Amino acid sequence: MDEPLGLLAELTYACPLHCPYCSNPLNLGDFGDELTTEEWRRVVTEAAGLGVLQLHLSGGEPLVRRDLVEIVRHAGDLGLYTNLITSAAGLTPRRAEQLRAAGLDHVQISIQADEPALSDRIAGTPSFARKTAAARLVKDLGWPLTVNVVLHRHNIDRIDRILALAEELAADRVELANTQYYGWAWRNKEALLPSTAQLARAEPVVRAARIRLRDRMEIIYVVPDYHGRYPKPCMGGWGRRQLTVVPNGDVLPCPPAHALPLPRASVREHSLAWIWESSPLFQRFRGTDWMPEPCRSCPRREVDFGGCRCQAFLLTGDAARTDPVCHLSPDHGIVAAAVRAADEAAGRREHVLAPRPHPGRRV
Ligand code: SF4
Ligand code: FES
């Protein structure tokens with residue numbers, strides 16, 4: 001078994017934004033009993049002991065946690081590379097300077113679109129001005145900056161202008177992340193899924209920008225799952241390189257796995273090492289022994305690991321089936337029908353984005 005490379009620490013699900021593709025769970029109330037500072041320090045110490053090199057601090061909005069600076073400092077003392085994944089709401093100059101002094105290595109800021117009114121509409125709250133100001137602050141303080149933009153049918157036609165904004169903000173890296181259809185995004189799928197024509201327009205724009213900006217800005221763009229022939233190797237394989245700790249201390253192979261009917265594993269009951277190495281949850285889909293046909297005899301089984309377990313569960317009700325995104329899957333018709341519906345809907349009606357309700361927060 002490999003050592004985990006990265007730990008995604010979802011410090012809280014509280015967030016001032018209301019994005020319609022939010023990756024927070026739908027049953028937020030079940031996760032309100034957040035780990036204390038001392039518990040997070042223990043998790044980070046155990047992660048370093050397990051071999052984790054990178055700590056991604058996320059949420060919700062991690063800046064909501066008053067102890068963020070302390071957690072960053074502790075991780076830095078253990079030699080971990082720390083990355084703050086934030087909406088930037090709450091990244092004031094004072095907070096930024098404290099994080100800089102604590103040793104934070106990298107900042108990733110999400111922006112919903114290049115145009116202020118659209119960005120605010122997607123975020124469900126006025127936030128564009130604060131985001132761009134925070135991005136400039138990040139660069140002023142000498143951090144490397146990643147700008148992350150979740151793509152969907154309401155902003156994918158603006159990729160050229162989104163890239164221009166990232167360039168203007170002097171981003172070192174831009175992640176054009178097509179929406180992953182779990183949780184809230186799944187609920188809003190009809191309003192979010194882009195059409196095949198939109199994707200066809202986006203790709204040459206990205207290709208040209210990659211060439212033009214190759215010395216200045218790395219551009220990550222991954223074709224959305226639903227439009228590909230093969231699935232992605234989700235998380236680099238189940239329980240293979242990454243683990244996620246969510247606000248209440250549950251440990252997961254990937255953030256949406258809380259929705260799967262699998263045994264829980266919590267840092268409040270077990271060590272991180274036991275969970276990684278021996279828990280039934282992490283063992284369940286590790287490697288290739290669990291695979292059904294057509295994955296079992298497929299030459300790509302160690303390339304994509306049969307795709308995404310969460311997607312298989314969401315689309316078929318069985319997490320152990322081949323990801324229906326794969327054109328070889330017996331369930332591929334489900335995905336093909338969703339893409340057809342998006343193509344037919346293109347230009348026909350204006351979809352309404354349903355914002356995510358505001359989470360309650362108990363700390
Ligand atoms: Fe991947 Fe399975 Fe499809 Fe083969 S059949 S490409 S292993 S998802
Ligand atoms: Fe859970 Fe892909 S998101 S396995």
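Start by selecting residues 116-123, which form helix H4, and colour Ser119, Ile122 and Ala123: these residues are buried. Keep in mind as you click around that this is a predicted model.

Now turn the view until you look straight down the axis of H4. Which part of the helix do the buried residues line? They fall within an arc of 95°, so they line one face of H4. There is a handy rule behind such patterns: an α-helix has 3.6 residues a turn, so residues three or four places apart point the same way.

Next, add residues 128-140 to your selection. This is helix H5, and the buried residues of H4 pack against it. Before moving on, stop at Gly124, just after H4, and check its backbone: phi is positive there, at about 75°.

Time to widen the selection to residues 1-212. An unreviewed UniProt entry lists this span as "domain: Radical SAM core". Helix makes up 43% of the span and strand 16%, and a distance label between its end C-alpha atoms should read 41 Å.

Finally, show the whole chain as a cartoon, where you can look for 14 helices and nine strands. Along its principal axes, the C-alpha trace spans about 50 × 45 × 40 Å. How does the radius of gyration fit a compact globule? For 363 residues such a globule would have a value near 21 Å, and the chain, at 20 Å, agrees. If you colour by burial, 45% of the 363 residues count as buried. A contact map makes a good last stop: among contacts between residues at least 6 apart in sequence, 73% join residues at least 24 apart.

Terms used. Residues are numbered from 1 along each chain as its sequence is written. Chains are lettered from A and ligands numbered from 1 in the order in which they are written. This is a predicted model: local features need pLDDT of at least 70, side-chain atom pairs count only at pLDDT 80 or more; totals for chains, interfaces and linings use all residues. Helices (H or I, at least four residues) and strands (E, at least two) are DSSP runs, numbered from the N terminus. The radius of gyration is taken over C-alpha atoms; the globule rule is 2.2 Å times the number of residues to the power 0.38. A residue is buried if 20 or more other C-beta atoms lie within 10 Å of its own, exposed if 12 or fewer, and partly exposed in between; C-beta atoms are placed from the backbone. Two residues are in contact if their C-beta atoms, placed from the backbone, lie within 7 Å. UniProt positions are given in the numbering used here, feature names are shortened, and annotations may be inferred rather than shown by experiment. The arc is that of the directions from the helix axis to the C-beta atoms.
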